[in-house]
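Let's take a look inside a protein and see what surrounds an empty space. Here is the structure to explore.

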Amino acid sequence: GEVCNMINKKYNEFLPSMQSAEDLVSQVDGLSSNIDLLKAGIENEVQQDLNVAVAEFTELKQQLERDTLVLSILKKLQEFDTAIKEYNTALLEKKYVAAAQQLEKARSSLKMLESRKGFELKILKALGTELTVQTQNMLYHLGEEWQKLTVWKLPPSKESSSLESAMRSELHLRTVPSKEEDIAGPPVVSVLQAFAVLGELHTKLKIFGQLLLKYILKPLISYPSLQPFTEEQSDVFILRFKSEEPNLDHSSPMEVFDKIKLIFEVLHKYLLNVPLEQPAEDKKECRVTLAELLGDMIWEELSDCLIQNCLVNSIPTNSSKLEQYIEVIKSTEEFEKALKNMQFLKGDTTDLLKYARNVNSHFANKKCQDVIVAARNLMTSEIHNTVKITPDSCVALPRLPDPGAGDHLKMQKTSKLLHNDMVNLENETKLSQYTFSLPTCRISSSVEKLMELAYQTLLEATASTDQCCIQLFCSVRNIFQLFYDVVPTYHKENLQKLPQLAAIHHNNCMYIAHHLLTLGHQFRYRLTNILCDGAATFVDLVPGFRRLGMECFLAQMRVQKGEILERLSSARNFSNMDDEENYCAANKAIRQVLHQLKRLGKVWQDVLPVNVYCKAMGTLLNTALSEIVTRIAALEDISAEDADRLYSLCRTMVEEGPQVFTPLPEDDKNKKYQEEVPVYVQKWMTFKELMIILQANLQEIVDQWADGKGPLAAEFSAAEVKSLIRALFQNTERRAAALAKIK
């Protein structure tokens with residue numbers, strides 16, 4: 001207080017004198033050191049007492065925690081011990097569910113003990129071992145019981161699954177508990193629930209489900225003759241099989257569903273109508289049953305098997321039978337409903353039912369697949385089995401099986417349409433009868449069948465549902481695409497090697513192209529309603545097929561031309577024919593060429609249309625004549641004897657060449673075509689003029705030239721004629737005069 005007063009006083013009478021300021025500083029210093037002393041006193045004495053108190057408190061707290069922990073551990077140990085004791089009692093009394101529950105209690109006590117960090121008890125290891133041993137012991141007992149409940153009598157496992165092995169499979173289900181076990185309720189329930197409590201039910205059921213599929217369900221689906229029959233004895237229910245003569249290769253879905261349903265009913269009654277846990281008081285409903293569990297495990301495989309081996313086969317192959325398929329859909333629905341009632345199935349429409357209801361699309365798919373398979377088989381069959389077609393042949397259509405009476409008229413209309421000679425495209429435009437007719441020729445019988453298949457499929461399309469109609473129409477287009485891709489590659493080698501096959505293939509392509517022109521048109525009444533803006537056409541495929549036929553045939557022509565030139569190349573350029581050896585070589589070459597042409601004339605006879613035949617033979621004969629003319633015109637020196645021999649070689653060609661034209665099998669009819677040879681052989685007249693030159697004197701040659709207006713001038717240029725004159729005649733005044741006139 002005193003200090004404060006003093007400071008106040010000083011303040012009140014504040015004098016800015018140096019002296020009083022210094023006094024003030026020294027007094028503040030004194031005050032500060034007083035405070036420091038006080039602080040040191042507190043730190044040394046009071047704090048020490050506090051620290052002691054806190055340390056004591058912490059120690060007591062830890063002591064308490066330790067005691068609590070020990071107590072809880074002892075409690076858990078005691079719980080574990082009690083659980084194991086009660087488990088043993090229950091097991092002796094065969095109260096399986098109670099025993100299993102006690103084991104689970106012991107397990108959770110042990111878990112708690114193991115989760116305590118920093119407290120490792122040696123005893124825990126021993127307890128763990130004890131629990132494992134007891135669990136295995138219990139599973140062993142349950143396994144024994146389960147084996148008494150469901151007994152499989154199976155054929156030796158080495159045998160493959162067959163009708164015989166299915167006949168020897170049996171399943172025995174025990175129905176009544178033996179007297180002393182009555183207390184625990186039916187043994188099935190307690191055994192299965194105990195498995196569930198121990199988490200082993202899944203494994204047991206999975207094995208059971210696999211056996212069920214392999215030895216009972218799948219054989220029933222696969223073997224129509226297999227019939228299940230049941231026998232009930234005092235304490236066991238037996239399921240076995242007998243075989244009856246089936247009436248069909250495939251049993252109807254209805255029969256199969258009935259057999260499968262019977263199996264599930266038996267299982268449901270004697271084995272599977274068991275809830276997985278014992279009812280809790282508060283929730284009466286919504287308990288998962290065993291049936292549901294088993295259903296989850298096997299339904300997918302079972303329904304796949306039913307679809308593949310039963311429904312697929314039941315899809316009809318023609319539209320008239322689609323009506324009756326309603327029955328199959330109904331029975332599929334009933335089958336599913338029955339399985340749902342027994343709780344094997346939960347949820348709605350399964351794949352099985354979807355498949356059955358989707359019959360229209362499966363029908364179309366199956367139909368399309370059958371069509372494509374049939375088409376492919378036709379395309380890969382031999383080309384050389386042929387049939388003759390004439391301008392008035394039309395595709396023969398087998399009458400289709402009578403569809404439902406309602407479709408009757410529609411069908412007749414279509415059939416009639418096909419046989420109207422394809423003449424009358426629209427009533428108002430009359431075309432000549434032959435506008436769309438094919439020339440007489442031979443085609444592969446497989447291609448005729450292919451065309452019938454296409455017509456028949458389109459006819460079927462017109463009587464089908466819209467979706468199916470579209471699919472079938474597309475599959476007909478696919479047939480032709482397939483032909484375009486498959487045939488040239490599949491038969492490649494033969495088409496190159498064998499001129500007759502190349503000709504037949506050419507005709508096949510022209511025949512297809514011809515039909516594609518009108519194919520869509522005949523069905524347009526029905527197809528255009530569905531396929532937008534008249535897309536029901538095949539016309540776009542026509543150029544491709546014509547090209548395909550032409551290219552193949554032209555390739556063959558190139559091969560033949562090559563062979564002709566190859567043969568003529570051995571004629572020693574037709575020079576020095578007075579040399580016997582040279583003359584023989586040339587003569588042989590010409591004979592070989594004629595022989596080659598004669599052979600071709602034979603293999604193409606009656607195959608190619610006459611006009612194509614004549615063009616082709618004419619082209620090849622022309623190749624030979626043209627080559628001979630070129631070689632002779634190029635000679636620089638031709639003696640009189642040379643000229644005679646060359647003339648006789650040429651005469652052979654002119655006399656025998658036309659005889660290779662034999663387009664028709666009847667000889668007398670071929671005369672006409674042999675006389676028309678000059679029309680088909682471009683160089684025919686050139687060749688004849690060359691022969692005249694070889695025999696003529698100078699004056700005759702000049703006359704033939706006739707100032708560039710004669711027949712010789714029409715075939716040879718002035719330079720060629722001069723060259724021939726120089727080769728044939730000695731250098732004389734007369735020759736010079738003749739040469740002067742050729743210009």
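## A question to start

Which element gives the most to the lining of the largest cavity? Keep in mind that this is a predicted model. The answer is α14, with three residues in that lining.

## The cavities

How many cavities of 30 Å³ or more are there? The count comes to three, and the largest has a volume of about 80 Å³. There are 13 residues lining this largest cavity, and Leu378, Met379, Ser446, Val447 and Phe483 are the closest to its centre.

Now for the elements around that space. Two or more lining residues come from each of α12 (359–379), α14 (445–462), α15 (466–490) and α17 (499–522). If you sort the lining of the largest cavity by residue type, you get seven nonpolar and six polar residues, with no charged ones.

## Where α12 meets α14

Two of these helices are worth following further. α12 and α14 pack with their axes 9 Å apart, at an angle of about 170 degrees. Angles over 145 degrees count as roughly antiparallel, so α12 is roughly antiparallel to α14.

Which residues meet here? On the α12 side they are Phe363, Lys367, Val371, Ala374, Ala375, Leu378 and Met379. Their partners in α14 are Ser446, Lys449, Leu450, Leu453, Thr457 and Glu460. This contact of α12 with α14 brings together eight nonpolar, two polar and three charged residues.

Some names turn up twice: Leu378, Met379 and Ser446 take part in this contact, and they are also among the residues closest to the centre of the largest cavity.

Methods. Residues are numbered from 1 along each chain as its sequence is written. This is a predicted model: local features need pLDDT of at least 70, side-chain atom pairs count only at pLDDT 80 or more; totals for chains, interfaces and linings use all residues. Side-chain values use heavy atoms; hydrogens and water are left out. On a 1 Å grid over the protein atoms alone, a cavity is a set of points where a 1.4 Å probe fits but cannot get out, and a pocket is an open set with protein on both sides within 12 Å along at least five of seven lines; lining residues have an atom within 4 Å of a point. Grid points are joined across faces, edges and corners, and a volume is the space filled by probe spheres set on the points. Helices (H or I, at least four residues) and strands (E, at least two) are DSSP runs, numbered from the N terminus. Ala, Val, Leu, Ile, Met, Phe, Trp, Tyr, Cys and Pro count as nonpolar, Asp, Glu, Lys and Arg as charged, and the others, Gly among them, as polar. Axes are lines fitted to C-alpha atoms, for helices over the stretch in contact, and angles run from 0 to 180 degrees between N-to-C directions. Angles under 35 degrees count as roughly parallel, over 145 as roughly antiparallel, 65 to 115 as roughly perpendicular and the rest as oblique. Contact means heavy atoms within 4.5 Å.
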